[in-house]
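Hi everyone, and thanks for letting me talk today. Please have a look at the structure on the screen, and then we will walk through it together.

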Amino acid sequence: MSLLKRIEQGQTAPQSTAAGSITDNGSNNSRLLNLQARRVAAPGVTAQRDTYLDLKTRVQNRLLAELDPGMDISKVSDVRNTIQELFEQVLAEENIVLSRPERHRLYEQIAAEILGFGPLQPLLEDETITEVMVNGAKNIYIERGGKLHRVPMSFESDDHVMRIIDRIVAPLGRRIDESSPYVDARLPDGSRVNAVIPPISLVGPVITIRKFFKNPITIEQLIQFGTLTPEALQLLKACVESRLNIIISGGTGSGKTTLLNILSQFIPNDERVVTIENAAELQLRQEHVVTLESRPPNIEGRGEVTIRQLVINALRMRPDRIIVGEIRDEAALDMLQAMNTGHDGSMTTAHSNSPRDTLSRIETMALMAGMELPVRAVREQIASAIDLVVHQERMRDGSRRVVNITEVSGMEGDVITMTDVFMFEQSGYENGKVIGRLRPTGLRPKFIDKIEAAGIHLPASIFGIGERRRY
């Protein structure tokens, strides 16, 4: 049995010298005495884990000491080759005998600590995982297929988690400490990151990562997953091309940003698009895109740039469309102003439970601007600015579905009127799967005139008109 396997099973333990190297010529008796001493101090798994971490830490520290500080870490393949060579050299000098799988595993863990994000690295590289959640050093959960699972890996300590958080936020010019104990950030691949640390978090540092895939979800996959039907997608494509203002709403993790990315593909390439986000995660593929990102205050409490300020500034940048990653505060008022002042075709997302709640939340957020506007005036702005609300939900089986495509049709008295154009009809729940389909309501929306004015003609069958409907 190899050394590493015995270390993990508690059968032996490498002993450290004063210089920090592993003694390879010591007797078996001294090794056993050392192991027994460890078991007395920290019996069971803790001693085994500490011993393994000692080995990993010593090898890692040797590597860090011998790596060239001036090495260009952007050339990942070259750096990995250098680390591999030094890793093999260190193992040979220390006379550490490992099997090939164990050697590879130890190398990958150390490489992840030096180049990547430690224990999170293999989870980030697994394309079947959609979300990673770290609840303190010892509890890591993932979302796969819409379901949560705990994974058998952990960080060494809370300090280890903090080092990874700092590695994520430092390149973005953001900070996290006791005076600013939470932060929004992003990984190099665009994945969204939120981190919360003590004293706000009582379980230690918490990291939540919403992954963005290297190959973004395609329109075909969206239909295959049952999120949308081809008919509904054809309608949304026409709405984007004819420059209707669209709000995508839903709960956390319902797929709002993914759908926004899909719909943005229909924006013509000859338009100038300005995107505004807290942490840049939209993946627009047009040629003429300007990406703006808000900024938190610095350590002196200065230099903050809010979403609202960016929306106001974007109006001076000659945009054809403005896309806001998410409206969550008084910036809603400025977004409504943008939609009502010649920037048709703008889009944003908002958290809500239904299309009606979406408009109520936007109304509340607009009133947060402190302008002391009459409620009716705000509602008139909403009814005039927003043409369509696309509402998504994450179902009980973990699937993400568009459940409403709703037109904002105008005002009746003091009430904003809305008309469902498509609604999701659930027909059953079998084998842990929600059975249902997004169906047209048979009503022709008023905005069809804008679509036809843009030279786009949709068949009446898309809206379920002229067809015999079956339920």
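Let me begin with a question: leaving aside its neighbours within four places in sequence, which residues is Thr-417 in contact with? Before I answer, please keep in mind that this is a predicted model.

Okay, here is the list. Setting aside the neighbours within four places in sequence, Thr-417 touches Arg-356, Glu-407, Val-408, Ser-409, Gly-410, Met-411 and Glu-412. Where does Thr-417 sit? It belongs to strand β14, which covers residues 415–430. Is it buried or exposed? Thr-417 has a relative accessibility of 18%, and buried means under 20%, so Thr-417 counts as buried.

One of those contacts deserves a second look. Gly-410 stands opposite Thr-417 of β14. The strands β13 and β14 are antiparallel partners, with eight bridges between them. Between these two strands is a hairpin with two residues in between, and there Gly-413 has a positive phi near 70 degrees.

Now follow β14 to its other partner. β14 and β15 run antiparallel as well, joined by eight bridges. As an example of a pair, Met-423 has Arg-439 in β15 as its bridge partner. The hairpin of β14 and β15 also has two residues between the strands, and Asn-431 has a positive phi there, near 50 degrees.

Let's zoom out to the sheet. How many strands form it? Nine strands make up this open sheet, and the order is β9-β8-β10-β11-β7-β12-β13-β14-β15, with mixed pairing. At the edges we find β9, residues 289–293, and β15, residues 433–440, and each of them pairs on one side only. On average, neighbouring strands in this sheet are turned by 25 degrees against each other, if we ignore direction. A quick reminder for the newer people here: strands of a sheet pair through backbone hydrogen bonds, and they can do so parallel or antiparallel.

We have met the antiparallel kind, so here is a parallel example. Strand β7, residues 246–250, pairs with strand β11, residues 347–351, in the parallel sense over five bridges. Gly-250 has His-351 in β11 as its bridge partner.

What lies across these strands? Helix α12, residues 331–339, lies across β7, β10 and β11, and it runs at about 155 degrees to β10. Another helix, α14, residues 375–385, packs on the sheet and touches β13 and β14; its direction makes about 120 degrees with that of β13.

I want to stay with α12 for a moment. Why can we call it largely enclosed by the rest of the structure? Because eight of its nine residues are buried. The buried ones are Ala-331, Ala-332, Leu-333, Asp-334, Met-335, Leu-336, Ala-338 and Met-339. They pack against β7, α11, β10, β11, α13 and α14.

Next, a little empty space. Searching the whole structure turns up two cavities of 30 Å³ or more. The largest holds about 50 Å³ of space. Which residues line the largest cavity? They are Ile-247, Ile-327, Ala-332, Met-335, Leu-336, Thr-348, Ile-362 and Ile-386. Our helix α12 gives the most to this lining, with three residues. Sorted by class, the lining has seven nonpolar residues, one polar residue and no charged ones.

Finally, let's go to the edge strand β9. Its partner is strand β8, residues 273–277, and the two run parallel, joined by five bridges. Within that pair, Val-274 has Val-290 in β9 as its bridge partner. In a regular strand, the side chains alternate between the two faces of the sheet. In β9, Val-290 and Leu-292 make up a covered face, whereas Val-289, Thr-291 and Glu-293 make up an uncovered one.

After β9, in the loop between β9 and α11, you will find Pro-297. With 30% relative accessibility, Pro-297 counts as partly exposed. Its C-alpha atom is separated by 8.9 Å from that of Arg-174, although these two residues are 123 residues apart along the chain. Leaving aside neighbours within four places in sequence, Pro-297 is in contact with Arg-175, Arg-302, Gly-303 and Glu-304.

To close, the whole chain. It has 15 helices and 15 strands, and 47% of its 471 residues count as buried. Thanks for listening, and please do ask questions!

Technical notes: Residues numbered from 1 in each chain as written. Predicted model: local features only at pLDDT ≥ 70, side-chain atom pairs only at ≥ 80, totals over all residues. Heavy atoms only, no water. Helix = DSSP H or I, 4+ residues; strand = E, 2+ residues; numbered from the N terminus. Buried < 20%, exposed > 50% of the residue type's maximum accessible area, 1.4 Å probe, protein only. Contact = heavy atoms within 4.5 Å. Pairing = 2+ DSSP bridges. Axes fitted to C-alpha atoms, helices over the stretch in contact; angles between N-to-C directions. 1 Å grid on protein atoms, 1.4 Å probe; cavity = no way out; pocket = protein on both sides within 12 Å on 5 of 7 lines; lining within 4 Å. Points joined across faces, edges and corners; volume = space filled by probe spheres on them. Nonpolar A, V, L, I, M, F, W, Y, C, P; charged D, E, K, R; others polar.
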